[in-house]
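Please open the model in your viewer and keep the selection tool at hand. The stops below are meant to be taken in order.

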Amino acid sequence: MENSEGVKIESTVVTEEPLISALDIALFVVIITVAYFWYFKRDKQSSSSEKKPYTIQPSSLSSIEQTSNSSFIKKLKSTGRSLVVFYGSQTGTAEEFAGRIAKEGARYKMKGMVADPEECDMADLVEMKEIQKSLAIFCIATYGEGDPTDNAMDFYEWLQNGDADLEGLNYAVFGLGNKTYEHYNEIAIYIDQRLEELGATRVHEIGLGDDDANIEDDFVSWKEKLWESVCSHYGIEETGEESNIRQYKLVDCSEVLPERIFSGGISRLKSYENQRFPFDVKNPYLSKIAVNRELHKSGDRSCMHIEFDIDGSKMRYDTGDHVAVYPKNSSELVDKIGELLNADLDAVFSLLNTDEESSKKHPFPCPCTYRTALTYYLDITSNPRTHIMKELIEYASDPKDQEKLKLMASSTPEGKKEFHEWILRDNRNIVHILEDLPSVKPDLDHLCELLPRLQCRYYSISSSPKVYPKSIHITAVLVNYTTPTNRVNKGVATNLLAQLIPTNDELPQPTIPIYIRRSQFRLPPKSQTPIIMIGPGTGLAPFRGFIQERDYARKEGREIGEMVLYFGCRKKDEDFIYENELQEYVANGTLTKLHLAFSRDQPEKKYVTHLLEQDADELWNIIGEKSGHLYVCGDARSMAKDVHSIIVKVVMEKGQMTNSQALSYVKKMEQQKRYSADVWS
């Protein structure tokens, strides 16, 4: 009927007026214009939504070059390499180990390259079989409570969700973990097993490094056996050639313009002068120190309450998150290296990768002065690893110093014993080594190549964004201790923070680079859920934020659940931090119960674990009968383990379960995020 009417109308129009009127033309133009803009705007939005929210790339790279750079297979083929070593690293150790393996590959006629899985298309692993005698090695750290490192997250998820056919891929895995944590080397173990499930061939058994003991020894022992397995698998022999080949070459940059020289920025020139959101590990925010006050009332120890100003930064955090602080080395230690090596610390230089195909052109931001490198980019306070001992041998002019270095660099029982006693037990850093072996005078540029990167330090945030949206609070103990050689070692970050005291005058306020790292340490979604918090010492930090958030909810008129806090310190009159705040929360009803243990206020030691053992009924009432949440923050080595054992015992006794049933119950609590730990070793 519509068609017949249409034909009839059209026929009538033809007899009375022109086929297309001016109005028709106008409407047609409007419709076409709207359709055009709608189509192309939608296309543009669709295209932009597919882009990553923020990545830092060298400005000279085109999109085509970036795509090609993600293909490690193309690089292997084009450069005649057969070995690729991937690293999942949070602190730089796994990356360092990966570099050492790739370097040693030359001794076995396997030219190697190091690769960051975050920068690679890991689906290319299926093509490894196309390269003759190829091998993929994974140096993978487990971070936090059984999580992948940031740069290995995508690869981990690809393995979990994908079903690629990896037949023909030869691989080996070395894990970096810490036995004080429950999920010891969990990510490395998963990757090792998952690669086999997908058809890959394990060339050598997985190695598990324990950072709580001697991870260097674990790595060296595994690496030696790895090469034995590689030789057997591929039918090759070691060439016997030493691998002391420089990875980077020195470039004189004395003629470089001052504005092109790095002065402490992490990845972008003048990044602190020209701040750009968003802020992350490669682009930290230069925050003013708003508050820096002492929390201890007396005694010879110091605990600082510090507030970072984030007003105007667009940074957001959640209660329970961590803040990363970028420290710098003391000028005293930096100057000492210059004196010991008779070097000009203000000379401008660059280290350029001798491997032109490597995506990592420099070991740290270059060009810069030696002073900048030693102050901001290099770790000069930790214990050097054995490969550094090996590299220093050629610089020793005294035969005795030479022999000592050779011994410590060896994998013999005597060598391991000497390294453990002289380096680890006596807690020597590179400055101490140069002082105690006076004939060792390495080239400063080579030393800069050898030393690991200075890493940021992480602190639990001790505030709630609901109460303090424009600032981040931390609670930090000043680290100072005397070594067996009667030297005073100082914590890099806390000693720097101790000097950053804000003033009340018009002078510029002290600043420090920071960024926020997300955490899984979270309050229950419902404010009515009861919680137990166990945090002796600075373990109280995140719970201060928890309490603030619940107090905020209570003041808004919302119902809040029970909050029970277990806190302990040495002496009530000395190091009871935030005492007045906690007592006020008890008085207003936000904090239901506050259990306190002062270990040295009576003849017998009293810790929070003793209180927990006495409070089995209360613990079970909350975690068992009321399905509440339990949180632990503090020392992983002893306190957190003891708490876990006590909770299992409480579940057994009060829940009338067997040991295995209680363990399963607690495990389920962890899986449901009802038992959470934020601990450190």
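Begin this tour of a predicted model by selecting Ala-324, which stands opposite Tyr-515 in strand 18. Extend the selection to strand 11 (residues 322-325) and to strand 18 (residues 511-517), and you will have two strands that run antiparallel and are joined by four bridges. Strand 14 (residues 457-460) also runs antiparallel to strand 11, again with four bridges between them, and here Val-325 stands opposite Arg-457.

With strand 11 still selected, show its side chains: His-322 and Ala-324 point one way while Val-323 and Val-325 point the other way, and all are buried. In a regular strand, side chains alternate between the two faces of the sheet.

Next, go to the loop between strand 8 (248-252) and strand 9 (285-294), where Pro-278 lies; the peptide bond that joins Phe-277 and Pro-278 is cis, with omega about 5°. Another cis peptide bond leads from Cys-366 to Pro-367, with omega near 0°, and Pro-367 is found in the loop between strand 12 (348-353) and strand 13 (368-369).

Now select Asn-185, in the loop between strand 5 (170-177) and helix 7 (186-197), which has a positive phi of about 55° although it is not a glycine. Is Asn-185 buried or exposed? Its relative accessibility is 0%, so Asn-185 counts as buried.

Finally, select Glu-118, Glu-119, Asp-150, Asp-154 and Glu-157, which form a negative surface patch. Within this group, Asp-150 is found in the loop between strand 4 (147-148) and helix 6 (153-161), and because its relative accessibility is 43%, Asp-150 counts as partly exposed.

Technical notes: Residues are numbered from 1 along each chain as its sequence is written. This is a predicted model: local features need pLDDT of at least 70, side-chain atom pairs count only at pLDDT 80 or more; totals for chains, interfaces and linings use all residues. Side-chain values use heavy atoms; hydrogens and water are left out. Patches are made of residues with over 30% relative accessible area and no salt bridge: like charges are joined within 9 Å, nonpolar side chains (Val, Leu, Ile, Met, Phe, Trp, Tyr) within 5 Å. Accessible areas come from the Shrake-Rupley method with a 1.4 Å probe; for residues, only the protein chains shown count as cover. A salt bridge is a side-chain nitrogen of Lys or Arg within 4 Å of a carboxyl oxygen of Asp or Glu. Lys and Arg count as positive and Asp and Glu as negative; His and the chain ends are not counted. The place of a charge is taken as NZ of Lys, CZ of Arg, CG of Asp or CD of Glu. Buried means under 20% relative accessible area, exposed over 50%, partly exposed in between (1.4 Å probe, protein chains only). Two strands pair if DSSP finds at least two bridges between them.
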